[in-house]
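Let's take a walk through the inside of a protein. Have a look at the model below, then read on for its packing and its empty spaces.

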Amino acid sequence: MIPGVGFFYSGLARRKSALSLIMLSMLSVAVVDFQWFFWGYSLAFSHTGSAYIGDLSNFGLMKTLAQPSVGSPKIPDLLFCLYQGMFAAITPALAIGAAVDRARLLPCILFIFIWSTIVYDPIAYWTWNANGWSYKLGGLDFAGGTPVHISSGAAALAFSFMLGKRTGYAKSAGLPYRPHNVTHIVLGTVFLWVGWFGFNGGSALAANLRAVMACIVTHLAASVGGITWMLLDYRLEKKWSVVGFCSGAISGLVAITPASGFVTPWAAVIYGVVGGIGCNVATKLKFLMGADDALDIFAVHAVGGIIGNLLTGLFAASWIAHLDGFSVIPGGWLDHNYIQLAFQLADSVAGFSYSFVLTCVILFVLNLIPGLSLRVSPEEEDIGIDDGQLGEFAYDYVELQRHTSDIITHDTHELPTSSRGSIREKSADSAV
């Protein structure tokens, strides 16, 4: 799934920053993998701890082997640690897309480690650990509506504010450009869509009917969400937008995530429709807030996660949860448990507020440290993050970057060439 995030973001962005977004996604895997081993798993899923965060009893995966895990007595700690590490790694990868076009890589790497420790781990603990306050309150979040999506969407919004707007950004129209590679967007969507079956279905932590139902409702919500967003875009330009379909599918997947182990297939259709409409409309909020959220991470993940959490308060069904043979929940409004909506709202507001405020604090402090300023220079922003920070490109800029005199064919003498063997008339276009 995480390479899927990279390709999805890369396709949405401009060509000059395409590779950096894929790189940041992969760095999220590497950095969080170490953080998870070091103390992340212990802080999120230790067997003892406060109502807010775990302790360091499993520091460095100490005493993490065959003991029954927090997630399920049938799943050993070590296996649960490996599975939950994927959730931990993808969350900052979702948020870090807000760095597009203007953030330095070194502060981003440090941010991923610090943010995972201070923001993700506590939210995951209070949501999924039996000692956490939201878990004890009765909040329902099957696969990460708050820990993954609301927290990453709130962090992306904070990142956008703290970094400032990109050069050329207009208050009313943003920085208008077309996604540079729609094929990458489709490829990323496919990776994410298929991976989401492990994300949601796997959260049943067993091969049972509840896992199958989670996959069914996930697939339905994504399909309906994609069609809904595409239809909304069609009304504007009378074009069947591939980008719109992919964005809607992701919105449906985000919305169904907290509910996937609790709701019926017919409810999944509602999640897809409401998620697609809600996230589509939310893409306009960045102009009202003055945030340069270039990839609409807040609109899709924060708003989509909140929609999913709140709808779970309405449509959670106790019999769906019991398909695994042992889970018992009071359900939502369908089961006349009307207080559930308040629990879902409390969890959503707490997760969003905590992530937004702490992300601002982390970035503010990092920016004060010499050598860790968040934003690239105007010159690097102009040439692109790929060139300025990586020195490499998503595509082969032959005219500017490669010495090709050894592969020039015999008839190129008919065209005026540069000293590097490239066609001079085309060299200006290569920098776009």
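## A buried serine

Before we start, one cut-off: a residue is called buried when its relative accessible area is under 20%. Keep in mind, too, that this is a predicted model.

So is Ser20 buried or exposed? Its relative accessibility is 3%, so Ser20 counts as buried. You'll find Ser20 in helix H2, which covers residues 18-45. Its side chain reaches the backbone oxygen of Ser17, at 2.8 Å. Setting aside neighbours within four places in sequence, Ser20 is also in contact with Ile385, Asp386 and Leu390.

## A little hole inside

Now for the empty space. Rolling a probe the size of a water molecule over the atoms shows where empty space is left.

How many cavities of 30 Å³ or more does the structure hold? Just one. The largest cavity has about 30 Å³ of space in it. Our friend Ser20 helps to line this cavity, together with Leu24, Ala99, Val100, Asp101, Ala103, Leu105 and Ile385. Ile385 may ring a bell, as one of the residues in contact with Ser20.

## The nonpolar cores

The largest nonpolar core has 75 residues, and Tyr120 and Phe159 are the ones that touch the most other members. Which helix gives the most to this core? That's helix H4 (residues 105-128), with 11 residues. H4 is mostly covered, with 18 of its 24 residues buried. Helix H4 isn't straight all the way, either: at Ser116 there is a bend of about 45 degrees.

Let's zoom in on Tyr120. Not counting residues up to four places away in sequence, Tyr120 touches Trp36, Gln84, Phe87, Ala88, Thr91, Trp115, Trp128, Pro147 and Val148. There is also a second, separate core of 32 residues, and Leu140, Phe262, Phe298 and Ala321 are among them.

## The largest pocket

Finally, the largest pocket holds about 1,300 Å³ of space. It is lined by 50 residues, and the closest to its centre are Leu12, Tyr177, Pro179, Val243 and Asp296.

Which helix gives the most to the lining of the largest pocket? It's H8, with six residues. Several helices supply at least two residues each to this lining, including H1 (2-12), H3 (77-95), H6 (145-163), H7 (182-200), H8 (209-237) and H9 (242-256). Further along the chain, H11 (285-289) and H12 (297-315) each supply at least two as well.

Definitions and conventions
Residues are numbered from 1 along each chain as its sequence is written. This is a predicted model: local features need pLDDT of at least 70, side-chain atom pairs count only at pLDDT 80 or more; totals for chains, interfaces and linings use all residues. Side-chain values use heavy atoms; hydrogens and water are left out. A nonpolar core is a set of buried Ala, Val, Leu, Ile, Met, Phe, Trp, Tyr and Cys residues joined through side-chain atoms within 4.5 Å. Buried means under 20% relative accessible area, exposed over 50%, partly exposed in between (1.4 Å probe, protein chains only). Helices (H or I, at least four residues) and strands (E, at least two) are DSSP runs, numbered from the N terminus. Contact means heavy atoms within 4.5 Å. The bend at a residue is the angle between axes fitted to the seven residues ending there and the seven starting there. A polar contact is a pair of N or O atoms within 3.5 Å; within protein, one must be able to donate a hydrogen and the other to accept it, and residues adjacent in sequence count only if both atoms are side-chain atoms. On a 1 Å grid over the protein atoms alone, a cavity is a set of points where a 1.4 Å probe fits but cannot get out, and a pocket is an open set with protein on both sides within 12 Å along at least five of seven lines; lining residues have an atom within 4 Å of a point. Grid points are joined across faces, edges and corners, and a volume is the space filled by probe spheres set on the points.
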